[in-house]
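Biologist: I'm new to this one, so could you walk me through it? I'll ask, you answer.

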Amino acid sequence: MSIFQRTTIALARSPAMGRAMRAVAARTSLAQRFVGGADVDAAVRTAQRLRDAHGIRASLFYLGEYVAEPAAIEHNVSQAINACGALAAAGLDVHVSVDPTAIGYMASDALGEANARRIGQAVRQPAGQATGQATGQEAGAGRNWMVLDMEDAGIRERTCALHRGLLQAGLPVGLTLQARRRRTPEDLAWAIRQQTSLRLVKGAFPERALDHAGRDRIDHAYLDAAAIMLSREAREAGFYPVFGTHDDRLAGAIMALARERGWSPDAFEFEMLYGVRPDWQLALRGLGYNVRVYLPFGGDWWPYAIRRVGENPGNAWLLARSLKADGGYFG
C-alpha cells in the first residue's frame with residue numbers, strides 16, 4: 001500500500017475530518033463528484049437525470065459504516081426502504097445495495113436477516129404500489145433487486161447464507177462476489193443455477209490467505225468467473241450477470257465472450273461507481289450495453305468519497321479543492 005493510500009485511509013477514518021467535511025457537505029467538489037445526494041429525494045433526482053439523459057440505471061446505497069447501535073441500524077434500514085418507494089414512484093428501477101453490517105449483522109444475525117427481509121419485501125412491493133401490479137422483477141426484466149454487498153472475509157459466509165435464505169423466501173435478492181477470492185468459482189457454481197443477480201467485482205478487502213495475488217492473477221480470475229456467469233446453464237436458469245468493473249480491457253473481453261455465447265447486450269449489465277469514469281459509462285451505453293451506477297447517498301459521505309481518491313491518485317485535485325476554499329469553511 002502506497003503512502004498516498006495510507007494517507008487517504010487515515011483521512012477517511014478521522015472523526016475530526018469527517019465532522020469538518022460534513023459541515024460543508026453540499027458545497028464540496030468531493031461529495032458532488034462521488035455521492036448522489038444528501039437524502040433519498042436528491043439521490044432519486046440524480047438517478048432520474050442519469051436515466052433520462054443517458055439511459056444509465058442506478059443502484060441506491062445509503063452511506064453508513066459498520067453499526068451496532070439499534071437506532072443507527074433502524075435508520076439505515078428505513079433509508080433503504082424509503083429509497084425503494086421513492087424509486088418506484090419515479091418510475092425507476094427499484095434497485096438498492098445493502099451492507100449486511102449496516103442493517104444489523106453487527107448486533108445479531110437474526111436481526112440482520114429480519115431487516116434484510118424487510119428491505120427485500122420493499123423491493124418486491126414498494127410502498128404505494130397497487131397489489132398485483134407487476135414490477136420489473138416479476139415481469140422478468142431483471143431490473144428490481146436488493147443486492148447484498150460483500151464486505152470483509154469475516155462476514156462472507158454469513159452474507160452468502162443470507163442470500164440463499166432470502167432467495168428461498170422468494171425475495172428478489174442479488175449478491176456481490178469478489179474475483180480475488182479463490183473460492184468464488186465454488187460460490188458461483190451454485191448461484192448461476194438460481195434466478196438471481198450477481199455482481200462480480202475485483203474486491204476491495206484483500207486477505208492474503210484467501211486471495212489470488214497480483215493484478216494479472218486477479219484479472220485472470222475475474223475473466224474465469226465471468227465465463228461461468230455467461231454460461232449456457234446460467235442463461236437457461238434465468239441468472240442475471242452484473243460485471244462491476246471500470247477496466248475497459250476486462251469489459252472488452254466480457255463483451256466478446258458474451259457475443260460468442262449468444263448473450264444479448266440487454267441480458268447483462270456493467271456496473272460502475274457513480275462519478276468514476278463517466279466517459280466510459282457513456283461509451284458503453286453508446287455500444288448498446290446496459291450500464292448501472294452504484295449511487296451512494298446520505299450525510300456520512302466522507303469515508304466513502306476519500307476512499308475513491310485513494311483508489312485513483314488522479315482525483316487528488318478534488319481532495320485539495322475540498323480542503324481549502326470550497327465553500328469557505330477552511331479559507
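Modeller: Sure, here are some questions and answers, going from the whole chain down to single residues.

Biologist: What share of the protein chain's residues count as buried?

Modeller: Keep in mind that this is a predicted model. The chain has 14 helices and eight strands. Of its 331 residues, the share that counts as buried is 52%.

Biologist: Among contacts between residues at least 6 apart in sequence, what percentage join residues at least 24 apart?

Modeller: One example helps here: F239 and T196 sit 43 residues apart in sequence, yet their C-alpha atoms are 5.3 Å apart in space. Across the chain, among contacts between residues at least 6 apart, the part that joins residues at least 24 apart is 73%.

Biologist: Which helix gives the most residues to the largest nonpolar core?

Modeller: That core holds 73 residues, and the members touching the most others are L60, V96, M146, F243, F270 and L295. Its top contributor, with seven residues, is helix 5 (residues 70-89).

Biologist: What does M146 touch, leaving out residues up to four places away in sequence?

Modeller: M146 is one of the core residues that touch the most other members. With those sequence neighbours set aside, its contacts are V96, V98, A116, I119, G120, V123, L166, P172, V173 and G174.

Biologist: How many residues are in the second, separate core?

Modeller: This one stands apart from the core of 73 residues. Among its members are V35, L63, V276 and Y294. The size of this second core is seven residues.

Biologist: Is strand 8 enclosed or open, and how many of its residues are buried?

Modeller: In a regular strand, side chains alternate between the two faces of the sheet. Here N290, R292, Y294 and P296 point one way, while V291, V293, L295 and F297 point the other, and all are buried. Strand 8 is therefore largely enclosed by the rest of the structure, and its buried count is eight of eight.

Biologist: Which residue in strand 8 is the bridge partner of F61?

Modeller: Strand 1 (residues 57-62) pairs with strand 8 in the parallel sense, over six bridges. Strand 7 also runs parallel to strand 8, joined by five bridges, and there E269 stands opposite N290. As for F61, its bridge partner in strand 8 is P296.

Biologist: And which residue in strand 5 is the bridge partner of L177?

Modeller: Strand 4 (residues 173-178) and strand 5 run parallel, with four bridges between them. Four of the five residues of strand 5 (residues 197-201) are buried, so that strand is largely enclosed by the rest of the structure. The strand 5 partner of L177 is L200.

Biologist: Now the rings: how far apart in sequence are the parts tied together by F270 and Y289?

Modeller: The structure has seven aromatic pairs. F270 and Y289 make an edge-to-face one, 5.9 Å centre to centre with 70° between the planes. F270 lies in strand 7 (residues 269-273) and Y289 in the loop between helix 12 (278-286) and strand 8 (290-297), so the pair ties together parts whose separation in sequence is 19 residues.

Biologist: Which residues do ring pairs link into a cluster?

Modeller: Start with two that are buried: F270 has 0% relative accessibility, and Y289 has 7%. Ring pairs link a cluster made of F243, F268, F270 and Y289.

Biologist: How many disulfides does a search of the whole structure find?

Modeller: A disulfide is a covalent bond between the sulfur atoms of two cysteines. Cysteines such as C84, at 0% relative accessibility, count as buried, and C160 is buried too, at 4%. For disulfides across the whole structure, the count is zero.

Biologist: Where is S231, and is this residue buried or exposed?

Modeller: S231 lies in the loop between helix 9 (215-229) and helix 10. Leaving aside neighbours within four places, S231 contacts I192, R261 and W263. At a relative accessible area of 15%, under the 20% cut-off, S231 is buried.

Biologist: Last one: is F239 buried or exposed?

Modeller: F239 sits in the loop between helix 10 (232-237) and strand 6 (240-244). Beyond its neighbours within four places, F239 is in contact with A191, I192, Q194, T196, L198, M229, A234 and W263. With 3% relative accessibility, F239 counts as buried.

Notes:
Residues are numbered from 1 along each chain as its sequence is written. This is a predicted model: local features need pLDDT of at least 70, side-chain atom pairs count only at pLDDT 80 or more; totals for chains, interfaces and linings use all residues. Side-chain values use heavy atoms; hydrogens and water are left out. Rings of Phe, Tyr and Trp (its six-membered ring) pair if their centres lie within 6.5 Å; planes under 30 degrees apart count as stacked, over 60 as edge-to-face and the rest as tilted. Helices (H or I, at least four residues) and strands (E, at least two) are DSSP runs, numbered from the N terminus. Buried means under 20% relative accessible area, exposed over 50%, partly exposed in between (1.4 Å probe, protein chains only). A disulfide is a pair of cysteine sulfur atoms within 2.5 Å. A nonpolar core is a set of buried Ala, Val, Leu, Ile, Met, Phe, Trp, Tyr and Cys residues joined through side-chain atoms within 4.5 Å. Contact means heavy atoms within 4.5 Å. Two strands pair if DSSP finds at least two bridges between them.
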